[in-house]
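Trainee: I should be grateful for a close look at a single part of this structure. Please set out its place and surroundings in one connected account.

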Amino acid sequence: MQTTLDIAAVRAFLLVSDLESFTRTAEALGTTQAAISLKLQRLEAALGKRLLERSPRAVRLSADGAAFIDNARALVAAHDLALTAAPKIRPRLSLGISDHAAGPELVPMLQKFQAMTLELTLSVGIGLSRDLLDRYDAGSLDAVIVRQEASRRGGETLADDDFGWFASPRFRAPAGGPLPLAVLAAPCGVRAIAIRALDKARLPYAEAFVGGGVAAVTAAAQAGLAIAPLARRIAPASLVEIGSALGLPKLARSKVVLHANVGDSAKRTALRALAAAFRSASASK
């Protein structure tokens, strides 16, 4: 008898493989771990193969799962393409991400979005949290991933970042001079956290480099021009944390939160997948 594979089960298998977690997959798909486990059991029964190796601490592909995964992706892609073959305007999910929040999570987030749906066009803008929240409040963005504002309530917490003072291993602080900083321009919240800490400690500083984005700020630090206040999660491996060595004050923690206002079910599903991917990637740092 010919076997027909359940597309929803194949899609769940791909997401478990990507996120390496039944919990994150259930969160992304808006269901329960038990439902995901049942789908995977039925898929394995249909194929007559064990696709995943489960342990209390991790989920990994089996040898048969690794051999099946490319065909699984092709099957889901062909299925989604068949559904979207008729010319139509794809709904747009507009997402704003704070430059200080994006970090290395952006790549796995986009990978999970591509694996989840071909029904949406994803529009992503990078900027300052305050500017993105203003655009979200004005209705020009469906959702934003930003650093939590002290005066702002609500939102879904995706990460709780610890900050440090990062510089090139070659950096040497000027003797007796102000501490050279590499920061984003105001009203950057991370800049404000750093300056408040230095002012409270009565330590002199100078903005030696003001970047238009975090990539520029980290480049200045890598070049040895200045010290950059960065979340440990996004600091490049080529930089070292030198706060303790220089007697610099500890920086306040900051949460990364998701604010969303979408009614479309496809958009809600995509946002759940993006949030799960962000949590999964940040938890591994």
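Mentor: Let us take His259, which has its place in strand β12. The model is a predicted one, and the description below should be read on that footing. His259 counts as buried because its relative accessible area is 9%, under the 20% cut-off for that class. Leaving aside residues up to four places away in sequence, His259 touches Leu133, Tyr136, Asp142, Ala143, Val144, Val146, Arg152, Arg153, Gly154 and Gly155. Several of these names return below, as the account moves outwards from the residue to its strand and sheet.

Strand β12 comprises residues 254-260. It belongs to an open sheet of five strands, whose order is β4-β3-β5-β12-β6 and whose pairing is mixed. The edges of this sheet are formed by β4 and by β6 (156-161), each of which pairs on one side only. From one strand to the next, the twist averages 15°. In general, the strands of a sheet pair through backbone hydrogen bonds, in either the parallel or the antiparallel sense.

On one side, β12 is joined to β5 by five bridges, and the two strands run antiparallel. Within this pairing, Ala260 of β12 is the bridge partner of Ala143; Ala143 is also among the residues that His259 touches. Strand β5 covers residues 143-147, and five of its five residues are buried, so the strand is largely enclosed by the rest of the structure. Strand β5 also pairs with β3 (residues 92-98), here in the parallel sense and over three bridges. Ala143 appears in this second pairing too, as the bridge partner of Leu95.

The pairing of β12 with β6 is antiparallel and likewise extends over five bridges. Here Asp160 stands opposite Lys255 of β12. Helix α7 (residues 129-137) packs on the sheet, where it touches β3, β4, β5 and β12; the direction of the helix makes about 155° with that of β5. Leu133 and Tyr136, two of the residues touched by His259, have numbers that fall within the range of this helix.

Helix α7 also carries a salt bridge, in which the side chains of Arg130 and Asp134 meet at 3.2 Å, N to O. These two residues are four apart in helix α7, which means that about one helical turn separates them. Arg130 is partly exposed, with a relative accessible area of 26%, and Asp134 is partly exposed at 41%.

The facing pair of β6 and β12 deserves a second look. The side chains of Asp160 and Lys255 meet in a salt bridge with an N to O distance of 3.8 Å. Because Asp160 lies in strand β6 and Lys255 in strand β12, the pair ties together parts that are 95 residues apart in sequence. Asp160 is partly exposed, with a relative accessible area of 37%, and Lys255 is likewise partly exposed at 31%. Salt bridges that share partners join Asp160, Asp162, Arg232, Lys250, Arg253 and Lys255 into one network. As a general matter, side chains of opposite charge can pair when their charged atoms come close. The structure as a whole holds 17 salt bridges.

At the edge strand β4 (residues 121-127) one finds Ile126. Ile126 counts as partly exposed, because its relative accessibility is 43%. Together with Leu110 and Val124, Ile126 forms a nonpolar patch on the surface, and the three have about 220 Å² of accessible area together.

The setting of this sheet within the whole chain may be given briefly. The protein chain has 11 helices and 12 strands, and 45% of its 285 residues count as buried. Among contacts with a separation of 6 or more, 76% are between residues 24 or more positions apart. The accessible surface of the chain comes to about 14,200 Å², of which carbon and sulfur atoms account for 53%.

To return to the starting point, His259 is a buried residue of strand β12, and that strand pairs with β5 and with β6.

Terms used
Residues numbered from 1 in each chain as written. Predicted model: local features only at pLDDT ≥ 70, side-chain atom pairs only at ≥ 80, totals over all residues. Heavy atoms only, no water. Buried < 20%, exposed > 50% of the residue type's maximum accessible area, 1.4 Å probe, protein only. Pairing = 2+ DSSP bridges. Patch = residues over 30% accessible without salt bridge, like charges linked within 9 Å, V, L, I, M, F, W, Y side chains within 5 Å. Areas by Shrake-Rupley, 256 points an atom, 1.4 Å probe, with all protein chains shown as cover. Salt bridge = Lys/Arg side-chain N within 4 Å of Asp/Glu carboxyl O. Axes fitted to C-alpha atoms, helices over the stretch in contact; angles between N-to-C directions. Contact = heavy atoms within 4.5 Å.
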